[in-house]
Amino acid sequence: MRDRNAVVTGSTSGIGLATARELASRGCNVMINGFGDRAEIDRTCAEIAARSGTRIVYSDADLNQPEEARALMAAAAGALGPIDILVNNAGVQHVAALHEFPEDKWDLLLAVNLSAAFHTIKAALPSMMERRWGRIVNTASVLGMVGAPHKPAYVAAKHGVIGLTKAVAIEAAPHGITCNAVCPGTVLTPIIEKQIAQQAQVTGLPEDQVLQAVFLQKMPTGRLVSPDEVAAAIAFLCSDAAASITGTALPVDGGYTTH
Ligand code: NAD
(Lines give C-alpha, C1' and ligand atoms only; values in the text may rest on other atoms or scores of the structure.)
Protein backbone atom coordinates (compact mmCIF):
# COMPACT_ATOMS: atom_id res chain seq x y z
CA MET A 1 0.00 0.00 0.00
CA ARG A 2 3.09 2.25 -0.15
CA ASP A 3 2.36 5.68 -1.68
CA ARG A 4 -1.39 5.13 -1.89
CA ASN A 5 -3.28 8.34 -1.13
CA ALA A 6 -6.11 7.96 1.39
CA VAL A 7 -8.89 10.11 2.79
CA VAL A 8 -10.33 9.04 6.14
CA THR A 9 -13.30 11.15 7.23
CA GLY A 10 -13.95 11.57 10.93
CA SER A 11 -10.39 10.66 11.80
CA THR A 12 -9.58 13.04 14.66
CA SER A 13 -10.58 10.38 17.19
CA GLY A 14 -11.74 6.80 17.72
CA ILE A 15 -12.01 4.36 14.82
CA GLY A 16 -11.08 6.94 12.20
CA LEU A 17 -7.86 7.95 13.95
CA ALA A 18 -6.90 4.30 14.42
CA THR A 19 -7.57 3.76 10.70
CA ALA A 20 -5.47 6.76 9.68
CA ARG A 21 -2.62 5.43 11.84
CA GLU A 22 -2.95 1.91 10.38
CA LEU A 23 -3.04 3.11 6.74
CA ALA A 24 -0.06 5.40 7.36
CA SER A 25 1.88 2.53 8.97
CA ARG A 26 1.29 0.58 5.75
CA GLY A 27 2.77 3.42 3.67
CA CYS A 28 -0.28 5.54 2.77
CA ASN A 29 -0.37 9.32 2.66
CA VAL A 30 -3.49 10.33 4.57
CA MET A 31 -5.92 13.24 4.67
CA ILE A 32 -7.27 13.43 8.21
CA ASN A 33 -10.65 15.10 8.82
CA GLY A 34 -12.91 15.89 11.74
CA PHE A 35 -13.30 18.25 14.65
CA GLY A 36 -11.23 18.83 17.78
CA ASP A 37 -8.54 20.98 19.32
CA ARG A 38 -6.40 22.28 16.45
CA ALA A 39 -3.09 22.19 18.30
CA GLU A 40 -3.70 18.58 19.40
CA ILE A 41 -4.71 17.56 15.86
CA ASP A 42 -1.54 19.17 14.44
CA ARG A 43 0.56 17.30 17.02
CA THR A 44 -1.13 14.00 16.13
CA CYS A 45 -0.62 14.55 12.39
CA ALA A 46 3.07 15.36 12.94
CA GLU A 47 3.51 12.30 15.16
CA ILE A 48 1.91 9.96 12.58
CA ALA A 49 3.97 11.50 9.77
CA ALA A 50 7.22 11.12 11.74
CA ARG A 51 6.46 7.51 12.63
CA SER A 52 5.31 6.42 9.15
CA GLY A 53 7.42 8.62 6.90
CA THR A 54 4.29 9.41 4.87
CA ARG A 55 2.47 12.70 4.23
CA ILE A 56 -0.33 13.49 6.66
CA VAL A 57 -2.57 16.50 6.03
CA TYR A 58 -5.70 17.74 7.76
CA SER A 59 -9.01 19.37 6.83
CA ASP A 60 -11.73 20.55 9.22
CA ALA A 61 -14.43 20.16 6.52
CA ASP A 62 -17.89 19.87 8.08
CA LEU A 63 -19.52 16.88 6.40
CA ASN A 64 -22.96 18.14 7.34
CA GLN A 65 -22.45 20.45 4.34
CA PRO A 66 -22.31 18.81 0.87
CA GLU A 67 -20.08 21.56 -0.54
CA GLU A 68 -17.58 20.96 2.30
CA ALA A 69 -17.56 17.21 1.54
CA ARG A 70 -16.71 18.05 -2.08
CA ALA A 71 -14.12 20.61 -0.96
CA LEU A 72 -12.51 17.97 1.30
CA MET A 73 -11.98 15.63 -1.65
CA ALA A 74 -10.61 18.46 -3.81
CA ALA A 75 -8.25 19.56 -1.03
CA ALA A 76 -7.04 15.98 -0.51
CA ALA A 77 -6.30 15.51 -4.22
CA GLY A 78 -4.60 18.92 -4.29
CA ALA A 79 -2.38 18.13 -1.32
CA LEU A 80 -1.63 14.42 -1.92
CA GLY A 81 -2.46 13.66 -5.56
CA PRO A 82 -5.22 11.39 -6.94
CA ILE A 83 -7.10 9.59 -4.15
CA ASP A 84 -6.80 5.78 -4.14
CA ILE A 85 -8.52 4.98 -0.84
CA LEU A 86 -11.61 6.60 0.65
CA VAL A 87 -12.82 5.64 4.13
CA ASN A 88 -16.16 7.22 4.98
CA ASN A 89 -16.08 7.02 8.74
CA ALA A 90 -17.42 10.32 10.17
CA GLY A 91 -20.46 9.68 12.31
CA VAL A 92 -22.74 11.27 14.86
CA GLN A 93 -25.44 9.89 17.13
CA HIS A 94 -28.56 11.21 18.82
CA VAL A 95 -30.64 9.07 21.18
CA ALA A 96 -34.37 9.78 21.68
CA ALA A 97 -37.68 8.01 21.22
CA LEU A 98 -39.01 8.43 17.69
CA HIS A 99 -42.08 10.43 18.75
CA GLU A 100 -39.77 12.94 20.45
CA PHE A 101 -36.89 12.82 17.96
CA PRO A 102 -35.89 16.37 16.91
CA GLU A 103 -36.21 17.04 13.14
CA ASP A 104 -32.87 18.88 13.02
CA LYS A 105 -31.11 15.84 14.56
CA TRP A 106 -32.73 13.58 11.94
CA ASP A 107 -31.36 15.86 9.19
CA LEU A 108 -27.89 16.04 10.82
CA LEU A 109 -27.56 12.26 11.29
CA LEU A 110 -28.69 11.50 7.74
CA ALA A 111 -26.35 14.18 6.33
CA VAL A 112 -23.18 13.18 8.23
CA ASN A 113 -23.70 9.41 8.50
CA LEU A 114 -25.10 8.79 5.00
CA SER A 115 -25.25 11.68 2.51
CA ALA A 116 -21.63 12.72 3.11
CA ALA A 117 -20.54 9.30 1.83
CA PHE A 118 -22.54 9.85 -1.36
CA HIS A 119 -20.83 13.20 -1.95
CA THR A 120 -17.28 11.97 -1.25
CA ILE A 121 -17.73 8.79 -3.31
CA LYS A 122 -19.16 10.81 -6.21
CA ALA A 123 -16.10 13.08 -6.05
CA ALA A 124 -13.61 10.18 -5.74
CA LEU A 125 -14.89 7.81 -8.43
CA PRO A 126 -13.88 9.56 -11.69
CA SER A 127 -10.14 9.53 -10.95
CA MET A 128 -10.28 6.01 -9.45
CA MET A 129 -12.04 4.86 -12.65
CA GLU A 130 -9.45 6.57 -14.83
CA ARG A 131 -6.62 4.82 -12.94
CA ARG A 132 -8.55 1.52 -12.70
CA TRP A 133 -7.87 1.07 -8.98
CA GLY A 134 -9.75 2.20 -5.93
CA ARG A 135 -10.84 1.16 -2.46
CA ILE A 136 -13.86 2.57 -0.70
CA VAL A 137 -14.76 1.47 2.83
CA ASN A 138 -17.77 2.86 4.67
CA THR A 139 -18.05 2.57 8.44
CA ALA A 140 -21.59 1.35 9.01
CA SER A 141 -22.49 -0.37 12.31
CA VAL A 142 -24.22 -3.44 13.66
CA LEU A 143 -27.14 -1.00 13.61
CA GLY A 144 -26.88 -1.08 9.81
CA MET A 145 -27.95 -4.72 10.06
CA VAL A 146 -30.42 -4.83 12.96
CA GLY A 147 -32.65 -2.30 14.69
CA ALA A 148 -32.41 -0.70 18.13
CA PRO A 149 -34.75 1.50 20.16
CA HIS A 150 -34.35 5.28 20.40
CA LYS A 151 -31.88 5.50 17.52
CA PRO A 152 -34.17 5.82 14.47
CA ALA A 153 -32.00 8.22 12.44
CA TYR A 154 -28.78 6.30 13.18
CA VAL A 155 -30.35 2.92 12.32
CA ALA A 156 -31.89 4.32 9.12
CA ALA A 157 -28.65 6.03 8.06
CA LYS A 158 -26.47 2.99 8.76
CA HIS A 159 -28.86 0.67 6.87
CA GLY A 160 -28.60 3.26 4.08
CA VAL A 161 -24.80 3.10 4.20
CA ILE A 162 -24.92 -0.65 3.58
CA GLY A 163 -27.36 -0.12 0.68
CA LEU A 164 -25.11 2.58 -0.81
CA THR A 165 -22.12 0.25 -0.41
CA LYS A 166 -23.82 -2.47 -2.48
CA ALA A 167 -24.95 -0.01 -5.17
CA VAL A 168 -21.47 1.50 -5.52
CA ALA A 169 -19.83 -1.96 -5.51
CA ILE A 170 -21.84 -3.06 -8.55
CA GLU A 171 -21.15 0.10 -10.56
CA ALA A 172 -17.48 0.34 -9.62
CA ALA A 173 -16.41 -3.33 -9.94
CA PRO A 174 -15.69 -3.23 -13.71
CA HIS A 175 -13.26 -0.37 -13.04
CA GLY A 176 -11.05 -2.20 -10.51
CA ILE A 177 -12.68 -0.46 -7.56
CA THR A 178 -14.12 -2.21 -4.52
CA CYS A 179 -16.62 -0.80 -2.05
CA ASN A 180 -17.30 -2.47 1.30
CA ALA A 181 -18.73 -1.60 4.69
CA VAL A 182 -17.50 -2.53 8.16
CA CYS A 183 -20.04 -2.97 10.94
CA PRO A 184 -18.49 -2.46 14.37
CA GLY A 185 -20.09 -3.57 17.62
CA THR A 186 -19.46 -1.41 20.68
CA VAL A 187 -16.14 0.46 20.57
CA LEU A 188 -15.33 2.73 23.52
CA THR A 189 -14.95 6.11 21.76
CA PRO A 190 -16.47 9.55 22.47
CA ILE A 191 -19.67 8.66 20.55
CA ILE A 192 -20.32 5.76 23.00
CA GLU A 193 -18.94 7.48 26.11
CA LYS A 194 -21.60 10.19 25.70
CA GLN A 195 -24.36 7.56 25.44
CA ILE A 196 -23.12 5.70 28.53
CA ALA A 197 -23.11 8.94 30.55
CA GLN A 198 -26.60 9.82 29.27
CA GLN A 199 -28.01 6.35 30.07
CA ALA A 200 -26.43 6.42 33.54
CA GLN A 201 -28.22 9.69 34.21
CA VAL A 202 -31.60 8.41 32.93
CA THR A 203 -31.44 5.03 34.70
CA GLY A 204 -29.52 6.02 37.84
CA LEU A 205 -27.19 3.05 37.25
CA PRO A 206 -23.39 3.36 37.54
CA GLU A 207 -21.67 3.70 34.15
CA ASP A 208 -20.00 0.25 34.29
CA GLN A 209 -23.42 -1.38 34.77
CA VAL A 210 -24.85 0.62 31.85
CA LEU A 211 -21.94 -0.51 29.67
CA GLN A 212 -22.63 -4.12 30.63
CA ALA A 213 -26.44 -4.05 30.40
CA VAL A 214 -26.90 -1.85 27.34
CA PHE A 215 -23.79 -2.29 25.22
CA LEU A 216 -21.99 -5.55 26.03
CA GLN A 217 -24.85 -7.85 26.80
CA LYS A 218 -25.50 -8.56 23.08
CA MET A 219 -21.87 -9.32 22.31
CA PRO A 220 -21.02 -12.99 22.99
CA THR A 221 -17.36 -12.06 23.44
CA GLY A 222 -18.50 -9.95 26.41
CA ARG A 223 -15.89 -7.28 25.77
CA LEU A 224 -15.52 -4.05 23.83
CA VAL A 225 -14.22 -4.06 20.28
CA SER A 226 -11.03 -1.99 20.04
CA PRO A 227 -10.56 0.81 17.48
CA ASP A 228 -7.45 -1.02 16.24
CA GLU A 229 -9.48 -4.16 15.47
CA VAL A 230 -11.84 -2.15 13.26
CA ALA A 231 -8.91 -0.29 11.68
CA ALA A 232 -7.21 -3.60 10.82
CA ALA A 233 -10.37 -4.84 9.07
CA ILE A 234 -10.63 -1.58 7.11
CA ALA A 235 -6.96 -1.72 6.12
CA PHE A 236 -7.37 -5.32 4.93
CA LEU A 237 -10.34 -4.28 2.75
CA CYS A 238 -8.09 -1.53 1.28
CA SER A 239 -5.29 -3.97 0.42
CA ASP A 240 -4.60 -5.75 -2.87
CA ALA A 241 -5.41 -9.04 -1.10
CA ALA A 242 -9.07 -7.94 -0.87
CA ALA A 243 -9.46 -7.28 -4.62
CA SER A 244 -12.27 -9.84 -4.95
CA ILE A 245 -14.19 -8.70 -1.89
CA THR A 246 -16.79 -6.10 -2.76
CA GLY A 247 -20.31 -5.14 -1.74
CA THR A 248 -19.93 -6.80 1.66
CA ALA A 249 -20.84 -5.60 5.13
CA LEU A 250 -18.21 -7.09 7.44
CA PRO A 251 -19.22 -7.34 11.10
CA VAL A 252 -16.44 -6.56 13.59
CA ASP A 253 -18.84 -6.99 16.44
CA GLY A 254 -17.85 -9.74 18.87
CA GLY A 255 -20.76 -11.80 17.54
CA TYR A 256 -23.49 -9.17 18.13
CA THR A 257 -25.28 -9.92 14.86
CA THR A 258 -25.21 -13.70 15.30
CA HIS A 259 -28.26 -13.39 17.56
P1 NAD B 1 -15.83 9.30 17.48
O2 NAD B 1 -16.82 10.23 18.09
O3 NAD B 1 -14.55 9.01 18.18
O4 NAD B 1 -15.44 9.80 16.00
C5 NAD B 1 -16.31 10.48 15.16
C6 NAD B 1 -15.47 11.29 14.20
O7 NAD B 1 -16.36 11.97 13.28
C8 NAD B 1 -14.66 12.40 14.89
O9 NAD B 1 -13.41 12.55 14.24
C10 NAD B 1 -15.52 13.63 14.68
O11 NAD B 1 -14.81 14.87 14.74
C12 NAD B 1 -16.03 13.34 13.28
N13 NAD B 1 -17.21 14.13 12.92
C14 NAD B 1 -18.38 14.26 13.60
N15 NAD B 1 -19.20 15.10 12.94
C16 NAD B 1 -18.53 15.49 11.82
C17 NAD B 1 -18.85 16.38 10.76
N18 NAD B 1 -20.01 17.04 10.70
N19 NAD B 1 -17.92 16.58 9.79
C20 NAD B 1 -16.72 15.95 9.84
N21 NAD B 1 -16.37 15.10 10.83
C22 NAD B 1 -17.27 14.89 11.81
O23 NAD B 1 -16.63 7.96 17.23
P24 NAD B 1 -16.23 6.56 16.58
O25 NAD B 1 -16.83 5.52 17.44
O26 NAD B 1 -14.79 6.46 16.26
O27 NAD B 1 -17.09 6.63 15.25
C28 NAD B 1 -16.56 6.41 13.97
C29 NAD B 1 -17.61 5.73 13.12
O30 NAD B 1 -17.85 4.44 13.65
C31 NAD B 1 -18.95 6.45 13.09
O32 NAD B 1 -19.47 6.40 11.77
C33 NAD B 1 -19.81 5.61 14.02
O34 NAD B 1 -21.18 5.70 13.71
C35 NAD B 1 -19.25 4.24 13.74
N36 NAD B 1 -19.52 3.23 14.77
C37 NAD B 1 -19.07 3.39 16.05
C38 NAD B 1 -19.35 2.42 16.99
C39 NAD B 1 -18.89 2.54 18.42
O40 NAD B 1 -19.31 1.73 19.25
N41 NAD B 1 -18.05 3.51 18.76
C42 NAD B 1 -20.07 1.29 16.64
C43 NAD B 1 -20.50 1.15 15.33
C44 NAD B 1 -20.22 2.12 14.40
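**Notebook: sheet, helices and core**

I began at one end of the sheet, where β6 and β7 run parallel and are joined by four bridges. In this pairing I found Pro184 opposite Val252 of β7. I note here that the model is a predicted one.

**Entry: the whole sheet.** I then traced the strand order, which reads β3-β2-β1-β4-β5-β6-β7 in an open sheet of seven strands with parallel pairing. The edges are formed by β3 (56-59) and β7, each of which pairs on one side only. From one strand to the next, I recorded an average twist of 20 degrees.

**Entry: helices on the sheet.** I looked up α1 next and saw that this helix packs on the sheet, where it touches β1 (5-8), β2 (29-33), β3, β4 and β6. The direction of α1 makes about 170 degrees with that of β1. Helix α8 also packs on the sheet, and its contacts there are with β4, β5, β6 and β7. For α8 and β6 I noted an angle of about 165 degrees between their directions.

**Entry: the buried side of α8.** Which residues of helix α8 (residues 227-237) are buried? I listed Val230, Ala231, Ala233, Ile234, Ala235 and Leu237. In general, residues three or four places apart in an α-helix point the same way, because the helix has 3.6 residues a turn. The partners of the buried α8 residues are α1 (14-25), β4 (85-88), β5 (134-139), β6 (177-184) and β7 (249-252).

**Entry: β2, α2 and β3.** I turned to the other end of the strand order. Strands β2 and β3 run parallel, joined by four bridges, and Ile32 stands opposite Tyr58 in β3. Together with helix α2 (residues 38-52), these two strands make a right-handed β-α-β unit.

**Entry: Thr44.** I selected Thr44, which lies in helix α2. Is Thr44 buried or exposed? Its relative accessibility is 18%, and the limit for a buried residue is under 20%; Thr44 therefore counts as buried. Not counting residues up to four places away in sequence, Thr44 touches Leu17 and Arg21.

**Entry: the core.** I closed with the largest nonpolar core, which has 80 residues. Leu23, Val30 and Ile136 are the residues with the most contacts inside this core. I followed Leu23 further, leaving aside its neighbours within four places in sequence. Leu23 is in contact with Met1, Ala6, Val8, Cys28, Val30, Ile85, Val87, Ala235 and Cys238. Of these, I had already entered Ala235 among the buried residues of α8.

Key:
Residues numbered from 1 in each chain as written. Predicted model: local features only at pLDDT ≥ 70, side-chain atom pairs only at ≥ 80, totals over all residues. Heavy atoms only, no water. Buried < 20%, exposed > 50% of the residue type's maximum accessible area, 1.4 Å probe, protein only. Contact = heavy atoms within 4.5 Å. Pairing = 2+ DSSP bridges. Axes fitted to C-alpha atoms, helices over the stretch in contact; angles between N-to-C directions. Right-handed = clockwise from strand over helix to strand, strands pointing away. Core = buried A, V, L, I, M, F, W, Y, C linked by side-chain atoms within 4.5 Å.
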